[in-house]
Each structure stands twice: as structure tokens, then as C-alpha cells.
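Hi,

Here is the structure I promised to pass on. Have a look at it first, and then read my notes below.

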Amino acid sequence: MIISGKELFKYAHGCVDISEEKGAVRLLRFEKEQLDYYRDNKIYLERALSSASVFLELFTDAESVSLTVTIDNLCSFDTVDIVVDGVLIHSVPYSGNGELKIEKELSEGKKNLRIILPLYASVLFTDLELGNASFAEAVEAKGKRVLFLGDSITQGNGASTSCCSYVWTLTHLYGFNTLNQGIGGYCYDPKIPLPKSFSPELIFVAYGTNGYKSSRFTEKVKGFYEVMKQRYPDIPIIAISPIYRVDPGNEKLCEVHGIIKEAARDIKSFRLIDGLKAVPHLDTFFADTAHPARHGHLFFASRIASELGGVL
């Protein structure tokens with residue numbers, strides 16, 4: 001059985017649109033109007049086109065799965081992952097732009113199959129082949145609609161394996177219907193274009209590491225939360241202040257926590273998680289000076305989960 005073209009969108013989660021390019025399709029986590037906003041900044045646009053927290057999900061009796069994708073807009077290295085009945089069984093890394101072949105034999109019988117796309121690169125599909133399959137049943141997204149806004153950590157930088165980012169971990173743990181609109185390098189933006197076709201029931205915000213040294217930082221944080229209050233007056237918002245950094249500057253990040261708290265004080269359903277307590281202050285938990293490594297992301301997710309009482 002072969003699934004191709006726009007038919008792939010029927011099985012897609014974590015995206016709001018699909019584009020066709022030279023006989024292939026790209027699953028998009030940002031709407032066209034949002035992407036247009038980022039076109040003046042090549043780096044932001046490339047990262048917005050990435051497939052962070054986007055995946056295909058279906059029930060099938062296929063004995064194997066095979067797909068060939070073209071990796072482009074590469075920003076960092078991670079993987080394409082295959083998960084069967086909730087268990088990661090195959091993880092294919094990529095080392096640059098170009099064609100990537102993913103093939104895996106599967107167990108017999110009906111199973112839930114997920115193909116998790118790269119966090120920090122964009123993917124063009126031609127088709128998905130399911131060996132000896134008699135059916136491929138799309139899985140309806142039934143969980144709480146959750147919007148994640150943030151920077152490189154929310155996009156997944158450092159996780160190295162797509163299904164180990166903190167966003168994916170929370171998505172898997174709670175069955176969220178997630179839209180991850182994290183963009184590496186992004187910061188608080190009062191003019192941020194928010195999605196129109198996705199109506200969240202819960203929002204996570206994790207900015208602050210970028211731009212915190214700017215003289216306009218406080219102004220931008222206040223402007224951002226004013227926009228959020230007007231757009232989502234009754235939606236719970238959970239903000240996470242910047243996490244610990246291996247490089248100097250954590251004293252300033254303590255101030256950021258207070259700036260966020262003050263900026264969002266008039267939002268009814270607002271909760272602020274202290275990011276400096278969210279990840280261990282040990283170099284071994286980091287992929288570099290700013291981004292948690294795989295186990296750092298998993299620890300981060302567990303810390304956030306511990307703060308969700310009364311929200312879910």
C-alpha cells in the first residue's frame with residue numbers, strides 16, 4: 001500500500017497546512033500568513049519550516065514501512081523516528097541536506113505506527129509505503145489542544161532524538177494534540193503572528209534566553225503578554241522562565257523571571273514555572289552552553305509535568 005501526495009495530510013499531526021513542491025509535499029506547522037511574517041529573516045523562516053513535533057500516525061497491519069524523504073533547511077542534526085505501540089523501535093539520523101531512506105520491518109498484526117519527523121530540519125515527502133498492508137486507518141487527534149511557543153529549546157535543539165524533546169515527551173505523556181511553534185533564536189515579540197486555524201485549550205510559553213540583554217526586553221515582554229491576554233482571555237497560559245545556562249549570566253536570568261511575572265500579572269489563568277529549577281545545573285545535562293541534551297530535555301519535561309496539577 002502506498003500513501004502519497006496530499007493524502008499524507010490525513011495521517012499528519014502537529015501541523016496546520018501542507019504545501020506541494022515539485023511532486024513532493026511538506027507538512028507545515030505554521031500557517032502561510034505566519035510564514036510570510038518570518039520571510040524577512042532567513043534563519044527564522046528556515047526554522048519555522050522545520051517539522052518539530054510533527055508526526056504521521058495510523059493503525060495498520062503492515063509488515064514493513066518504507067519512505068524516502070528529502071531533508072532541506074537543515075539547522076541542526078537529529079532523527080526520523082519510528083514508534084510502534086508507544087515504543088521507539090527505529091531512529092534514523094541524518095548528517096546533511098539531501099535524500100534519506102527509512103526502512104523498517106514491523107511485527108505482525110494490527111499496530112499503532114508513528115513516524116516522528118525531524119526537529120530541526122524540513123522534510124519533503126513523495127510517498128509512504130506500507131508493506132503487505134490491508135488497511136491504513138488514520139488516528140483522530142482527541143487530546144487537549146496545546147500550543148507551544150518558544151525558542152530553540154522548544155523547537156527541540158539538543159534533544160538529538162526527535163521523540164526525546166521536552167515538547168514531544170509532554171505530548172506523548174498526556175496525549176496532547178500539540179502544535180509546536182517554537183523557533184530557534186526567537187524571543188518575546190509583541191507582533192507575533194498567532195495561528196488562526198488552531199484554537200488552543202492550553203498554552204506553554206518558553207522565551208527569554210534570547211534578547212534578555214536588550215534595553216527593550218521588558219517592553220517586549222509586556223507587549224507580548226498584552227497580546228496574549230487579548231487573544232486568549234480565558235485560556236490557561238503556563239510560562240517557563242529561562243532555564244540554567246552553562247555559560248555566565250544566570251544572575252540576569254533571575255531578573256527575567258520577575259519581569260515575566262509582572263508582565264503577566266493580569267492574566268487570569270497564568271502560571272509561571274521557575275526555569276532555573278527545571279534542569280540540573282550540571283554540564284553533563286547540556287548539549288552545549290544553552291541547550292539541554294537528551295536527558296536534560298527529559299528531566300525538563302518531568303519538572304514541567306510536576307507543575308501541571310489543577311491545569312489538566
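Let's start with Leu149: beyond its neighbours within four places in sequence, Leu149 is in contact (heavy atoms within 4.5 Å) with residues including Ile192, Phe204, Tyr207, Phe224 and Met228. This is a predicted model, where local features need pLDDT of at least 70 and side-chain atom pairs count only at pLDDT 80 or more, while totals for chains, interfaces and linings use all residues. Residues are numbered from 1 along each chain as its sequence is written, and side-chain values use heavy atoms, leaving out hydrogens and water.

Leu149 belongs to the largest nonpolar core, which has 65 residues; Leu149, Tyr166, Phe204, Val205 and Tyr225 touch the most other members. (A nonpolar core is a set of buried Ala, Val, Leu, Ile, Met, Phe, Trp, Tyr and Cys residues joined through side-chain atoms within 4.5 Å; buried means under 20% relative accessible area and exposed over 50%, with a 1.4 Å probe and protein chains only.) Apart from that core lies another, of 34 residues, including Val80 and Leu117.

Now for helix H6, residues 250–263 (helices are DSSP runs of H or I, at least four residues, and strands are runs of E, at least two, numbered from the N terminus). Its buried residues are Asn250, Leu253, Val256, Ile259, Ile260 and Ala263. They sit on the same side of H6, because they cover an arc of only 140° around the axis, taken from the directions from the helix axis to the C-beta atoms. Glu251 and Lys261, on the other side, are exposed. Helix H5 (217–231) and strands E16 (237–240) and E17 (270–273) are among what covers the buried residues.

Cheers
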